[in-house]
Amino acid sequence: MTAIAEPQLTSRVRDFVSTDRKMLIGGEWVDAASGKTFTTYDPATTAPITNVAHGDASDVDRAVRAARKAFDDGHWARMKPNERERLLWRVGDILSERAEEFGQLEAIDNGKSAGIAAAVDTQWSADIFRYNAGLATKIFGSTVNVSMPFVPGGEFHAYTLRDPVGVCGLIVPWNFPLLMASFKLAPALAAGNTVILKPAEQTPLTALLLGEVFEEAGFPPGVVNIVTGFGDAGAALSAHPDVDKIAFTGSTEVGKKIVAAAQGNLKKVSLELGGKSPNIVFADADFEQAVAGSVAAWMFNHGQSCVAGTRLFVERPIFDDFTAAVAEAASKTKIGPGLDPTTELGPMVSQEQFDKVNAYVAQGLADGARALTGGQRWDATGYFVEPTVFVDVDPSFSIVEEEIFGPVVAAMPFDGDDVVSAANNSIYGLAAGIWTKDLSKAHKTARRIKAGSVWVNQYNGFDTAMPFGGYKQSGWGRELGSSAIDLYTETKSVNIAL
């Protein structure tokens with residue numbers, strides 16, 4: 001396939017997309033067993049980028065067998081923790097060195113800003129690998145002073161061990177392709193597991209480039225396997241009887257299917273799912289700071305973020321002025337392709353997502369909501385949606401209840417403490433924002449909000465050391481931080497009679 005015609009691309013990126021891309025299985029780059037491929041497209045232009053191997057259940061089985069062999073019999077099973085540490089740190093270094101390359105590839109495959117993808121997605125991924133590299137040598141058990149009341153007079157030495165789970169299937173979404181892969185790969189590998197990574201069919205390219213990074217870093221064959229394909233490949237991975245663990249990020253609907261598929265061998269499952277996050281602005285907040293932060297809360301990554309603050313609660317005395325300011329700021333956003341360094345808002349990832357977001361906007365208008373700005377398609381080419389600010393909404397409207405995954409926010413006034421019950425009135429509980437100068441109010445409100453992450457006087461306040469995950473139907477388990485290792489280890493109790 002001819003490389004995509006973008007003069008801004010580096011020669012390495014042009015070379016990467018100039019040939020069909022294969023899957024990584026057992027240390028070799030291979031075609032799908034069926035010989036099939038699929039095309040991935042630039043959402044800013046709808047032009048084809050390159051063809052990718054179309055993996056299916058047979059390819060998943062090949063990858064699982066390779067991962068199992070590497071775990072049970074290979075060098076990985078015998079590798080010392082400090083050797084895993086060095087390999088993971090090397091991955092982080094290579095990501096930093098090749099950040100521009102990853103950023104550009106993410107821009108043409110996902111639509112996001114190349115600059116942001118390089119500076120945020122790629123450099124944060126590098127940080128995640130380095131953080132987890134350090135954890136590889138710090139996976140501790142403990143000694144236990146047991147009582148053994150039914151064995152009077154006996155003496156015992158009891159302790160716990162932390163073992164890797166085994167073969168892990170990692171299924172990641174299209175909104176942060178590289179970053180979500182790093183969330184899972186780094187702790188899974190630090191703990192000593194082997195993995196099969198299944199990227200989203202819309203955005204497979206940075207996962208495949210990451211496969212080259214693992215090779216360059218010196219990972220043994222079969223430790224990291226990458227199978228590209230559609231939902232049937234993900235389903236096969238979830239149901240495979242020789243997979244010990246599934247980690248999934250995506251929609252709640254698909255997450256429930258993952259759980260059902262995992263029943264066969266009762267494999268461990270962790271889920272980071274949907275959200276409809278509340279962003280609460282009290283009247284005493286710093287007005288300008290809260291406006292800028294509230295715009296970023298639902299427009300970051302084009303609104304294609306599980307934590308997006310798309311339910312904007314504003315205290316009644318400032319509601320009209322605040323929503324007008326949010327709408328004005330949103331209307332001035334520079335829309336365009338990710339390779340344009342001035343772009344602030346890129347396209348939706350695909351025709352399907354573009355249609356979905358526009359359908360929600362149309363339904364909101366039909367229900368009686370009023371758009372202060374936006375509500376239309378932007379440009380005739382590409383999957384661009386204008387940022388849309390809705391007011392005059394009812395909590396029962398679909399634009400308030402359901403995850404849209406686009407640059408759309410629904411704003412509602414509140415009075416006093418009523419906001420907490422309204423904020424918690426959702427099937428989701430992933431994140432929340434609070435804006436106030438009253439720290440006592442901030443602490444009290446944060447404690448009552450049912451969400452895995454609460455950010456005060458900021459939004460998207462992530463850090464590699466802070467656990468991330470959700471309440472309710474936003475998922476199971478916590479990624480990031482030292483607790484991420486818990487998702488990829490088993491605890492073994494050993495009790496020895498002396």
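Me: What makes a residue pair across the interface of domain 1 and domain 2 count as a polar contact, and how many such pairs are there?

Reply: The rule finds five residue pairs in polar contact across this interface, with both residues at pLDDT 80 or more. A polar contact is a pair of N or O atoms within 3.5 Å; within protein, one must be able to donate a hydrogen and the other to accept it, and residues adjacent in sequence count only if both atoms are side-chain atoms. The model is predicted: local features need pLDDT of at least 70, side-chain atom pairs count only at pLDDT 80 or more, and totals for chains, interfaces and linings use all residues. Residues are numbered from 1 along each chain as its sequence is written, and side-chain values use heavy atoms, without hydrogens and water.

Me: How many salt bridges does the rule find across the interface of domain 1 and domain 2?

Reply: The rule finds zero. A salt bridge requires a side-chain nitrogen of Lys or Arg within 4 Å of a carboxyl oxygen of Asp or Glu, so no pair across this interface meets that rule.

Me: How do you know what span is expected of helix H11?

Reply: Helices (H or I, at least four residues) are DSSP runs, numbered from the N terminus. The expected span is 1.5 Å times one less than the number of residues. Helix H11 (residues 287-299) has 13 residues and reaches 18 Å from its first C-alpha to its last, close to the 18 Å expected.

Me: Why is Trp298 of H11 called buried?

Reply: Buried means under 20% relative accessible area (1.4 Å probe, protein chains only). Trp298 is among the buried residues of H11, as are Val291 and Met299, therefore Trp298 lies under that 20% limit.

Note on methods: Helix = DSSP H or I, 4+ residues; strand = E, 2+ residues; numbered from the N terminus. Buried < 20%, exposed > 50% of the residue type's maximum accessible area, 1.4 Å probe, protein only.
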